[in-house]
Protein chains: 2
Amino acid sequence: MPDSPWQPPRILLAVDLVILTLREARLHILLVERGIAPFLGALALPGGFLHDEHEDIEAAARRELSEEAGLSDVHLEPLAVYGEPDRDPRGRVVSVAYLAVAPRLPEPVAGTDAAGASWMPVEDALAPGTELAFDHRRIIVDGVERARAKLEHTALATAFCAETFTISELQQVYEAVWDVRLDPRNFYRKVQGAHGFIVADGPMRKTPNGRPARLFRAGPVHVLNPPMTRP
Amino acid sequence: MPDSPWQPPRILLAVDLVILTLREARLHILLVERGIAPFLGALALPGGFLHDEHEDIEAAARRELSEEAGLSDVHLEPLAVYGEPDRDPRGRVVSVAYLAVAPRLPEPVAGTDAAGASWMPVEDALAPGTELAFDHRRIIVDGVERARAKLEHTALATAFCAETFTISELQQVYEAVWDVRLDPRNFYRKVQGAHGFIVADGPMRKTPNGRPARLFRAGPVHVLNPPMTRP
DNA sequence: AAAATAGTGTCTATAAGACACTATCAT
DNA sequence: ATGATAGTGTCTTATAGACACTATTTT
């Protein structure tokens, strides 16, 4: 008697989000505390399963971004796929990870699903003592490394800033993500030399302390030329 | 009465392979002609569905590499995920694309599943007149762009070469993938200056025409420092 | 010898980092 | 005035490309 015809297996598809922002000049990531097994109580990336068979994957990522983090209109890009057969003890789950970058914002909105989410310095999140669910440590490492690399030759840094920003605020982004100190004077000329990276936003000014700085906004160019080289 | 509890949807997972090599100093890609609908008769990337629920995704890519292309032991790395809801008319299929780079090889082995596969210049594959299945044109573009970018700061170029190679062979890789002409003398010094990129393979020699060249093999370093900059 | 490719040396234009200096604010 | 940050100018050094030149082979 003939075998029943071979059918490809069906698997579960999840999205996970590495959401980065800057707080107090340090790189932070948004993590949620898991309320159910497995990894109950451990920290995890915001994310979840595809809602239905026809949902677009990036749309699912934006939905989770909104539901779990209360964020919209932030930079979002595919990061990688994580599909090890045993990465989820409940069964075969393939996850598409996204990298999101948000400007400086207040705490995750309490009273929403985002209430369980909190910003944590990336350094702490990756410290040996921090218990992270699934393979999320690896995903965070990959996401941070992606951000570091993209700062070099794309305008990603502006996604960490508000609509308008000063050059020294932009410098803080580079210093926090790369974890280095940069010379403000050379940084100033370098960032100005990358055509279309940033454009002046009127002769407006601002006053933290010291001479007021000119305000800029993200320019039309997303690929930096020349690139910002890491020391 | 209560709704039945929500269950996440299950989807089909495929792998697709962008397999690049060098033939006659031009960048080629391995394509198969589809023998079944949809896109019957169109060219497509080698690939297929996950075999069973427990198969590792990269293992599936290597399996297809062997079954459809007769290749083993070649460079293989994840490229991206393609999951548009309507990318496959048969239903929801999410594909994980891989980039493979093979050294110069004879034709795909006839008499195997690879018989239907053939090497084609990338330029021809991407020409407007070429009919490609699914979203494979986009995947090829992404794969080639990935190769171009990785040549700059990794040792990927050596994956296009045999075990040992001359510096001018390595230069041909860069010229074909980047589609530029490079000065052999500056290339020579530059490639030598990237520590650990290539190492001499004895004082051996070789004879195409002109002075014999020294032979090298891939060095231990995979991240180039300084990088090979594109003109 | 001529042609061809391998390999070395050197010059020049440019870019990157160090850092002195000026400008404009708060106190 | 002092301190702080913004912004400009300049010098030095490292690097990328142009290209002359030597070396070693085949025909």
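Strands here are DSSP runs of E, at least two residues long, numbered from the N terminus. This is a predicted model. This briefing covers the surface near DNA strand D, a strand pairing in chain A and the salt bridges. DNA strand D is surrounded by 19 residues. Over all chains, the salt bridge count comes to 34.

**Strands S7 and S2 of chain A**

- Strand S7 of chain A spans residues 117–121 and has two faces, one covered and one uncovered.
- A:Ala117, A:Trp119 and A:Pro121 make up the covered face of S7(A).
- A:Ser118 and A:Met120 make up the uncovered face.
- Strand S2 of chain A, residues 26–33, runs antiparallel to S7(A), and 5 bridges join the two.
- In this pairing, A:Ala117 of S7(A) has A:Val32 standing opposite.

**The surface near DNA strand D**

- Of the 19 residues around DNA strand D, the closest include A:Asn209 and A:Arg214 from chain A.
- Chain B is also represented among the closest, by B:Arg185, B:Asn186 and B:Lys190.
- By class, this surface has 10 charged, 5 polar and 4 nonpolar residues.
- Sugar or phosphate accounts for 57% of the strand D atoms within 4 Å of the protein, and bases account for the rest.

**Polar contacts to DNA strand D**

- A:Ser168 places a polar side-chain atom 3.1 Å from a phosphate oxygen of DNA strand D.
- A:Arg211 has a polar side-chain atom 3.2 Å from a base nitrogen of DNA strand D.
- For B:Arg211, a polar side-chain atom likewise lies 3.2 Å from a base nitrogen of strand D.
- Two elements give two or more residues to the surface near strand D: helix H5 (184–193) of chain A and helix H5 (184–193) of chain B.
- H5(B) gives the most, with 4 residues.

**Salt bridges across chain A**

- Side chains of opposite charge can pair when their charged atoms come close.
- A:Glu123 and A:Arg26 form a salt bridge, with their closest N and O atoms 3.2 Å apart.
- This pair links distant parts of the chain, 97 residues apart: A:Glu123 is in helix H2 (residues 122–125) and A:Arg26 in strand S2.
- A:Glu123 has 60% relative accessibility, so this residue counts as exposed, the cut-off being over 50%.
- A:Arg26 has a relative accessible area of 36%, so this residue is partly exposed.
- A second salt bridge joins the side chains of A:Glu152 and A:Arg230, at 3.4 Å from N to O.
- A:Glu152 lies in helix H3 (residues 136–153) of chain A and A:Arg230 in the segment after strand S10 (216–218), so the pair ties together parts 78 residues apart in sequence.
- A:Arg230 counts as partly exposed, at 32% relative accessibility.
- A:Glu55, A:Arg63, A:Glu64 and A:Glu67 are linked in a salt bridge network.

**A salt bridge within helix H3 of chain B**

- B:Glu145 forms a salt bridge with B:Arg148, and their closest N and O atoms are 3.7 Å apart.
- The two residues are 3 apart in helix H3 (residues 136–153) of chain B, so about one helical turn separates B:Glu145 from B:Arg148.
- B:Glu145 is partly exposed, at 37% relative accessibility.
- B:Arg148 is also partly exposed, with a relative accessible area of 24%.

Key:
Residues numbered from 1 in each chain as written. Chains lettered and ligands numbered in written order. Predicted model: local features only at pLDDT ≥ 70, side-chain atom pairs only at ≥ 80, totals over all residues. Heavy atoms only, no water. Near = heavy atom within 4 Å. Polar contact = N/O pair within 3.5 Å; in protein donor to acceptor, adjacent residues only side chain to side chain. Nonpolar A, V, L, I, M, F, W, Y, C, P; charged D, E, K, R; others polar. Buried < 20%, exposed > 50% of the residue type's maximum accessible area, 1.4 Å probe, protein only. Pairing = 2+ DSSP bridges. Salt bridge = Lys/Arg side-chain N within 4 Å of Asp/Glu carboxyl O.
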